[in-house]
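I set out to record which charged side chains pair in this structure and what its interior holds. My entries follow the model below.

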Amino acid sequence: MGRKVILATCALNQWALDFDGNLRRILKSVEVARSRGARYRLGPELDVCGYGCADHFYESDTLLHCFQVLKELLESPVTQDIICDVGMPVMHHNVRYNCRVIFLNKKILLIRPKMLLANHGNNRELRWFSPWNKPRYVEEYFLPRMIQDVTRQETVPFGDGVLSTNDTCIGSEICAELWNPRSPHVDMGLDGVEIITNSSASYHELSKASRRVSLIRSATSKSGGIYMFANQRGCDGDRLYYDGCAMIAVNGDIVAQGAQFSLEDVVRRIHVSSRMLLSSLFSPEYRPCHRVKVDFSLSESQDVYFPSHEPIEWRFHLAEEEISLGPACWLWDYLRRSGQAGFLLPLSGGVDSSSTACIVYSMCHQICQAVKNGSAQVLEDVRHVVGNAAYTPKEPRELCGRLFTTCYMASENSSQDTCNRAKDLAAQIGSTHINLNIDMAVKAILGIFSLVTGKLPQFRANGGSTRENIALQNVQARVRMILAYLFAQLSLWAQGRPGGLLVLGSANVDESLTGYFTKYDCSSADINPIGGISKTDLKRFLQYCADKFKLSALHSILAAPPSAELEPLRHGHVSQTDESDMGMTYTELSLIGRLRKISKCGPYSMFCKLIHMWRETCSPSQVAVKVKHFFRMYSANRHKMTTVTPAYHAENYSPDDNRFDLRPFLYNTLWNRQFRCIDEQVTTLSTLRQEALFVDWYTVVSQQSEQQWTEPTALGGPSAHCGFVGDAAPDPD
């Protein structure tokens, strides 16, 4: 018969190097846990300093300030009579480790270093930390003097150990260790550890939550027991958004769940009363866990009055819901921490910029809902951003008008349709909307060029060359970027309001892959909420917004073909389309992007995969043309990714050059050997197909000859009397 315990896990909105703020949020989470009767509080990975410190982990200052925060945590009355589990970097024998520091009543019980480091995708933990390569081994760690003064301990256990309390046994995993084939929780479960904790900094990707939940359910479904998961939440200063999802599982069932997206700094709802399974599983082939004895109990003698856990059904968000929630929370964190007064967006009336506008509108919805639910923290943040200590947002459109400015920048190549679409959407979401014309600025710049060179470039439609055509498009795009920043800095000043605006970008992940944007154009901005999202997902997102927020203007935006509108109109209508310019559809580009990054395909291996995936619509030679075209565009424009606006990470095929997709930006765009291999394979396939067609024809003719000859042309093949493979053979393509 087991005992019942109350455990607390949390999702904290920590900020890299914000030591004082991080300390406040940790103490708040402990305070809430204690108020609800919990005897163990689990926090996110590296919650003392923030996960995203990057190369600041090299600095001795970071280690110093972490121990200063730890000292204040140990001394605080809030942390007494509850086991506290916090994360911070620790230097042991001149080696830096990513650690959990577990303490109780001013005594450090165990420092547990991370054994399996995350070193893929956006993670570079091996750059800053070393893994603990001594499973089941514990050493003595000499504490800094400032900590010794509080704990009266000279050394504490450091290594792969577990806590043995008076009533149970608790073991730790850290983030990526859960995702590893040899997760530590397997061996700990076999050695009788009943409660497994996991402190994570797991960032959001579309549909990633389902994989996370599946792993946690599996961790307890085999050997039983309790699994606690804590995660960071929010933007901690980079492209990533950590999406919370703190949870507790018991025997394969999720019994407590925290929200995946929230504007709160500390999620307070995660706590559970649960019955422990007292495991007797043990195999002599495993080395026993080093147990640190703790004279403390998680359970109480009168636990009969505690309710037992009940399984809950996890509700997963659709991808379009995640786009509505995740980037919006990321934008809010960035805005309130940047000290700016709102956002400015060049709104073209197309899918991409409209998606960015809808994400801001979703952000306003979430803010109003949080204020309505009584969040004092969100209300305080809103008042600080708008510069009005008495302001209370009532509804999203009104708040959007205070925080969001949209700007349609027309040229002689812009259609009235896109102008109307931008105006209608701005009116429906409530943004402050500006209409302006850039032709005067474009002509002034071209006038300078003509004055110096004596030549005036022309569009291709007017007889100009490709070089002239591209240069004229780029001038328009770059003028828009300059005007966007001018209005972002001074539009509030012109209204007599304080502060400036952050410029929002709107280039999607597929366009970034091929470089289908102008370097330093209106896609250049301070931040970009859709830069990691595909065009196909954005279209589904806009349909979701049209239904959820009743934005009828989005229907015409979705129906219009995507266009940059940088070339002259034809009879007043758009003649330029994105897919025509790129030479492939967005659907094709999305698949190619996934093969390039996720499947790690070069040109030849991508061709080999696509001839099967596209066999119903494309011949091998057509596939070869598309693959070559993509890699020429990708390699010629890769340099643009070095200057692209920092974007919200949402797709695991993102081409972000900062740290997710580390590749050269100067290529030999001929791809000589790679393309030669493709050509050889096309020739081989063509020959094989010709032979296969003849075999099919010969088999049919032979079968008929055994009966009676019929008119051979009815077979759709060569004449029956010729008898030679090469005569009138069908074209294999």
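I looked first at Asp333 and Arg336, whose side chains form a salt bridge at 3.0 Å, N to O (a side-chain nitrogen of Lys or Arg within 4 Å of a carboxyl oxygen of Asp or Glu). Both residues sit in helix H7 (residues 319-338), 3 residues apart, about one turn of the helix (helices are DSSP runs of H or I, at least four residues, and strands of E, at least two, numbered from the N terminus). Asp333 and Arg336 are both buried (under 20% relative accessible area, with exposed over 50% and partly exposed in between; 1.4 Å probe, protein chains only).

I note that the model is predicted, with local features needing pLDDT of at least 70 and side-chain atom pairs pLDDT 80 or more, while totals for chains, interfaces and linings use all residues. Residues are numbered from 1 along each chain as its sequence is written, and side-chain values use heavy atoms, without hydrogens and water.

I then looked up the salt bridge between Asp656 and Arg239, at 3.4 Å, N to O. Asp656 lies in the loop between helices H20 (620-637) and H21 (672-707), and Arg239 in the loop between strands E12 (226-234) and E13 (242-243), so the pair ties together parts 417 residues apart in sequence. Asp656 is buried at 12% relative accessibility, and Arg239 at 15%.

I recorded a third salt bridge, Arg41 with Asp47, at 3.5 Å, N to O. Arg41 is buried at 1% relative accessibility and Asp47 at 0%.

I found 31 salt bridges in the structure. Arg596, Lys597, Arg638, Asp661 and Arg663 are linked in a network of them.
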